[in-house]
Amino acid sequence: MMEWFQELSSFQKTYWVITGISTIIFLFVLIGTFVGADTDDIGDIDAEIDADTGAGFQFFTLKNLVAFFTIFGWSGIASIDAGNSKPLTIFISLLCGLVMMAVMAAMFYYISKLTSSGTLKMKNALNSIGEVYLTVGAKRSKIGKIQIKIQGALRELEALTDANEDLKQGTIIKVIEVTNNGILIIEPQN
């Protein structure tokens, strides 16, 4: 193995060293990702953050740099083996590495957009149609429960009504208002 390496030109040795080191690091990063060692956890934080910060388009990250040097090295070795000149080899290596970084950055950016907070926004219940689950007292006399689909999920929420009669289980209702404390004001539908 050492004889083979010593017979290489310094240009080829440089590419093989870059490729070897970056490939080993790439394998560690890949294995770490699959076994769950890839976390950005900074511990428990007792704060409620109500902003969509998102991941953004991150071009210079450890994973992207490792991928850059891995693809840079392997494409350079392939270019050398194809008999290309040094400037063309460097150009091909840089181009392939940058394309790989861009692909990975775009991939992580779009994957981060797939997440949702799951936080229920009560205002989304306005004008929704649902069904009484537990009797709602007339003239806001007794809090009942309704089943309603909000944000793509069926939810069971507390409700009051201004109707003159109790709204019994199975009554079809419409949400007309949301109070400050999150109780829905409903009216029966005919």
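**Exercise 1. Surroundings of Ser 128**

Which residues is Ser 128 in contact with, leaving aside its neighbours within four places in sequence? State also where Ser 128 is placed and how its accessibility is classed.

*Solution.* The model is a predicted one.

Step 1. Ser 128 has its place in the loop between α4 and β1.

Step 2. With its neighbours within four places in sequence left aside, Ser 128 is in contact with Ile 148, Lys 149, Ile 173, Lys 174 and Val 175.

Step 3. The relative accessible area of Ser 128 is 14%. Buried means under 20%, so Ser 128 is buried.

**Exercise 2. Ile 129 at the start of a strand**

Locate Ile 129, list its contacts and class its accessibility.

*Solution.*

Step 1. Strand β1 covers residues 129-134, and Ile 129 lies in it.

Step 2. Beyond neighbours within four places in sequence, the contacts of Ile 129 are Ile 148, Ile 172, Ile 173, Lys 174 and Gln 189.

Step 3. One of these partners is Gln 189. Ile 129 and Gln 189 are separated by 60 residues in sequence, and their C-alpha atoms are 8.6 Å apart in space.

Step 4. Ile 129 has a relative accessibility of 48% and counts as partly exposed. The class of exposed begins over 50%.

**Exercise 3. Overall layout**

Describe the order of elements and the overall burial of the protein.

*Solution.*

Step 1. The protein has 4 helices and 5 strands. Read from the N terminus, the order is α-α-α-α-β-β-β-β-β.

Step 2. The protein has 190 residues, of which 27% count as buried.

Step 3. About 13,100 Å² of the protein is exposed, and 59% of that area is supplied by carbon and sulfur atoms.

Step 4. Among contacts with a separation of 6 or more, 59% join residues 24 or more positions apart.

**Exercise 4. Aromatic pairs**

Classify the pairs Trp 16 with Trp 74 and Phe 68 with Phe 72, and place each pair in the chain.

*Solution.* A pair of aromatic rings is described by the distance of the centres and the angle of the planes.

Step 1. The structure contains 9 aromatic pairs. In the pair of Trp 16 and Trp 74, the ring centres are 5.8 Å apart and the planes stand at 80 degrees, so this pair is edge-to-face.

Step 2. Trp 16 belongs to helix α2 (residues 10-35) and Trp 74 to helix α3 (residues 62-81), so the pair ties together parts 58 residues apart in sequence.

Step 3. Trp 16 is partly exposed at 28% relative accessibility, and Trp 74 is partly exposed at 41%.

Step 4. For Phe 68 and Phe 72, the distance is 5.6 Å centre to centre and the planes are 25 degrees apart, and the pair is stacked. The cut-off for stacked is under 30 degrees.

Step 5. Phe 68 and Phe 72 both lie in helix α3, 4 residues apart, which is about one turn of the helix. Both residues are buried.

Step 6. One aromatic cluster is formed by Phe 11, Tyr 15, Phe 68, Phe 69 and Phe 72.

**Exercise 5. Gly 73**

Determine whether Gly 73 is buried or exposed, and name what it touches.

*Solution.*

Step 1. Gly 73 is placed in helix α3. Its relative accessibility is 0%, so Gly 73 counts as buried.

Step 2. Residues up to four places away in sequence are not counted; Gly 73 then touches Tyr 15 and Thr 19.

Step 3. Gly 73 and Gln 12 are 61 residues apart in sequence, with 10.0 Å between their C-alpha atoms.

**Exercise 6. Packing of α3 and α4**

Give the geometry and the make-up of the contact between α3 and α4.

*Solution.*

Step 1. Helix α4 covers residues 86-112; α3 and α4 pack at an angle of about 150 degrees, and their axes are 7 Å apart. The crossing of α3 with α4 is right-handed.

Step 2. On the α3 side, the contact includes Phe 68, Ile 71 and Phe 72. On the α4 side, it includes Met 100, Met 101 and Phe 108.

Step 3. Sorted by class, this contact has 15 nonpolar, 7 polar and 1 charged residues.

**Exercise 7. Positive phi angles**

Place Arg 140 and Gln 151, and state their phi angles and accessibility.

*Solution.*

Step 1. Arg 140 is not a glycine, but has a positive phi of about 60 degrees. Arg 140 lies in the loop between β1 and β2 and is partly exposed at 37% relative accessibility.

Step 2. Gln 151, not a glycine either, has a positive phi of about 55 degrees. Gln 151 lies in the loop between β2 and β3 and is partly exposed at 39%.

Technical notes. Residues are numbered from 1 along each chain as its sequence is written. This is a predicted model: local features need pLDDT of at least 70, side-chain atom pairs count only at pLDDT 80 or more; totals for chains, interfaces and linings use all residues. Side-chain values use heavy atoms; hydrogens and water are left out. Rings of Phe, Tyr and Trp (its six-membered ring) pair if their centres lie within 6.5 Å; planes under 30 degrees apart count as stacked, over 60 as edge-to-face and the rest as tilted. Helices (H or I, at least four residues) and strands (E, at least two) are DSSP runs, numbered from the N terminus. Buried means under 20% relative accessible area, exposed over 50%, partly exposed in between (1.4 Å probe, protein chains only). Axes are lines fitted to C-alpha atoms, for helices over the stretch in contact, and angles run from 0 to 180 degrees between N-to-C directions. A crossing is left-handed if the near helix is turned anticlockwise from the far one by less than a right angle, and right-handed if clockwise. Contact means heavy atoms within 4.5 Å. Ala, Val, Leu, Ile, Met, Phe, Trp, Tyr, Cys and Pro count as nonpolar, Asp, Glu, Lys and Arg as charged, and the others, Gly among them, as polar. Accessible areas come from the Shrake-Rupley method with a 1.4 Å probe; for residues, only the protein chains shown count as cover.
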